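Q: I would like to learn how to read side-chain contacts and burial in a model. Can we work through some cases together?

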Amino acid sequence: MGCVMGKCCTSSHYPPSTDGDISRFGDAPPCSLHGKHILTGRTLESVRVPSHMYNLEYSLLTQRGYYPDSPDKENQDNFCVSTHIQGNPNVHIFGVFDGHGQFGMQCSNFVKDRVVQLLCNDSRLLEDPVKAYNSAFLTANDELRNSEIDDSMSGTTAITVLVIGNTLYVANVGDSRAVVAVKNGNRIVAQDMSHDQTPFRKDECERVKLAGARVLTIDQIEGLRDPDIQVWGDEESEGNDPPRLWFPNSLYPGTAFTRSVGDSTAEKIGVIAVPEVSVVQLTPNHLFFVIASDGVFEFLTSQAVVDMAARYSDPRDACSAIAGESYKLWLEHENRTDDITIIIVHIKGLSNSGGSGTVGLNGVCIRHSNSERGTSEISATTGTSEVFRSFRSDFSDLHVSQHVGLMNRSTAIVVPSPAQHRPLEVEVG
């Protein structure tokens with residue numbers, strides 16, 4: 001298994017970005033590499049999926065937030081890119097982990113490592129990825145609880161995309177997000193592969209209330225708005241003062257999410273580590289997917305992020321542009337910025353005739369959305385059968401050469417000018 005796992009930790013006034021630290025396994029050659037990016041100094045990573053004869057071409061960027069009151073605050077985001085899971089050339093994982101609280105960096109780093117390790121060691125991974133995901137997150141949560149890290153008021157959200165052949169398994173815990181770009185005629189449409197787990201969601205709000213949470217915005221806590229009005233609009237219109245979770249008659253913990261790994265105090269009022277898992281079967285109409293922390297999506301919609309990414313044929317340009325725009329929008333609305341982490345993966349050369357695999361129930365989306373361990377919900381989707389399908393594969397556990405991608409450090413976010421970028425080429429049938 002090749003692995004890239006990263007952390008950015010700097011403290012300049014305009015904090016530089018990095019592509020993280022590199023963990024190398026064995027003496028195997030690296031993944032396919034191109035020349036260094038002229039603006040960012042990064043190499044472009046590529047990994048083959050031989051079962052369906054296509055490539056995943058990807059890049060990533062993590063940017064420490066700007067905190068004027070805490071200029072030395074570390075970047076609490078972490079990411080992982082692990083290829084050839086269990087020695088299988090058709091299985092790869094990409095993930096973003098957004099830590100929060102005093103020990104958020106330690107939490108996100110711990111969970112990133114353990115989730116990937118647990119998945120790599122789970123014999124059920126190819127047979128039942130949903131159960132493997134569920135077990136990995138709940139085990140990592142238990143291990144974090146029993147570690148030396150104080151997770152009472154700290155934790156991490158997580159968004160991961162597991163690639164098995166031509167199918168994506170997307171596991172979400174919290175409010176980071178995964179989005180896939182789909183060609184629809186002459187348009188490129190953003191389709192969310194995850195749904196933010198916050199009190200804005202009626203189902204999540206009711207679930208935490210049943211667990212004892214009091215759900216109120218800061219304005220409601222301070223008496224500026226009626227606390228009995230339990231309708232908050234949506235994240236786009238009310239994101240500046242979102243509904244939060246509180247203990248009855250107390251002013252903590254104030255989390256704006258309903259699921260997290262860690263946060264043992266908030267767990268008492270309904271915050272859980274159970275992932276929601278969605279399944280996306282790729283088709284030639286799927287162009288690329290984006291995985292990012294909420295630092296990206298705070299002021300940018302999924303469609304806006306996809307529109308920006310589609311302007312660039314090189315995902316390194318796209319990562320830089322989106323991170324730069326997110327940073328700018330934060331400073332236009334706030335006196336600080338959040339940490340920003342983004343992974344963009346281009347899907348290259350996938351065709352309907354490529355490879356083989358056993359496809360399960362058409363039009364079925366499997367999602368873990370219950371609070372009980374090991375339970376799953378299977379719900380049929382309509383009108384999107386080419387996007388959401390369940391999938392079962394009989395790939396053998398091939399022992400092949402281990403590959404690791406090389407990432408290079410960059411000194412700052414560099415946003416390409418319009419004259420320097422080339423848009424993603426899309427064939428319109």
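Q: Which side chain makes a polar contact with the side chain of Asp196?
A: This is a predicted model. A polar contact is a pair of N or O atoms within 3.5 Å. Here the side chain of Asp196 has such a contact with the side chain of Arg177, at 2.7 Å. The two also form a salt bridge.

Q: Where in the chain are Asp196 and Arg177?
A: Asp196 belongs to the loop between β12 and α3, and Arg177 to strand β11, 19 residues apart. Their C-alpha atoms are separated by 6.8 Å.

Q: Is Asp196 buried or exposed?
A: Buried means under 20% relative accessible area. Asp196 counts as buried because its relative accessibility is 9%. Arg177 is also buried, at 13%.

Q: How many salt bridges does a search of the whole structure find?
A: A salt bridge needs a side-chain nitrogen of Lys or Arg within 4 Å of a carboxyl oxygen of Asp or Glu. The search finds 12. One of them joins Arg114 and Glu143, with N to O at 2.5 Å. That pair links helix α1 (residues 104–120), which holds Arg114, to helix α2, which holds Glu143, across 29 residues. Glu143 is partly exposed, at 27% relative accessibility.

Q: What are the accessibilities of Asp203 and Arg201?
A: Asp203 is partly exposed because its relative accessible area is 45%, whereas Arg201 counts as buried at 15%. The two form a salt bridge, with the closest N and O atoms 2.8 Å apart. Elsewhere, Arg145, Asp151 and Glu267 are joined into one network by salt bridges that share partners.

Q: What surrounds a residue such as Ser154?
A: Contact means heavy atoms within 4.5 Å. Leaving aside residues up to four places away in sequence, Ser154 touches His100, Gly101, Gln102, Phe103, Gly104, Cys107, Gly262 and Asp263. Ser154 sits in the loop between α2 (129–145) and β9 (155–164), and is buried, with a relative accessible area of 2%. A polar atom of the Ser154 side chain lies 3.1 Å from the backbone nitrogen of Gln102.

Q: Which residues of helix α7 are buried, and what covers them?
A: For a helix, one lists the buried residues and then looks for the elements that contact them. In α7 (residues 302–310), the buried residues are Ser302, Val305, Val306, Met308, Ala309 and Ala310. Their cover includes strands β11 (177–184), β12, β18 (286–292) and β19 (340–348), together with helices α6 (294–297) and α8 (315–333).

Methods: Residues numbered from 1 in each chain as written. Predicted model: local features only at pLDDT ≥ 70, side-chain atom pairs only at ≥ 80, totals over all residues. Heavy atoms only, no water. Helix = DSSP H or I, 4+ residues; strand = E, 2+ residues; numbered from the N terminus. Buried < 20%, exposed > 50% of the residue type's maximum accessible area, 1.4 Å probe, protein only. Polar contact = N/O pair within 3.5 Å; in protein donor to acceptor, adjacent residues only side chain to side chain.
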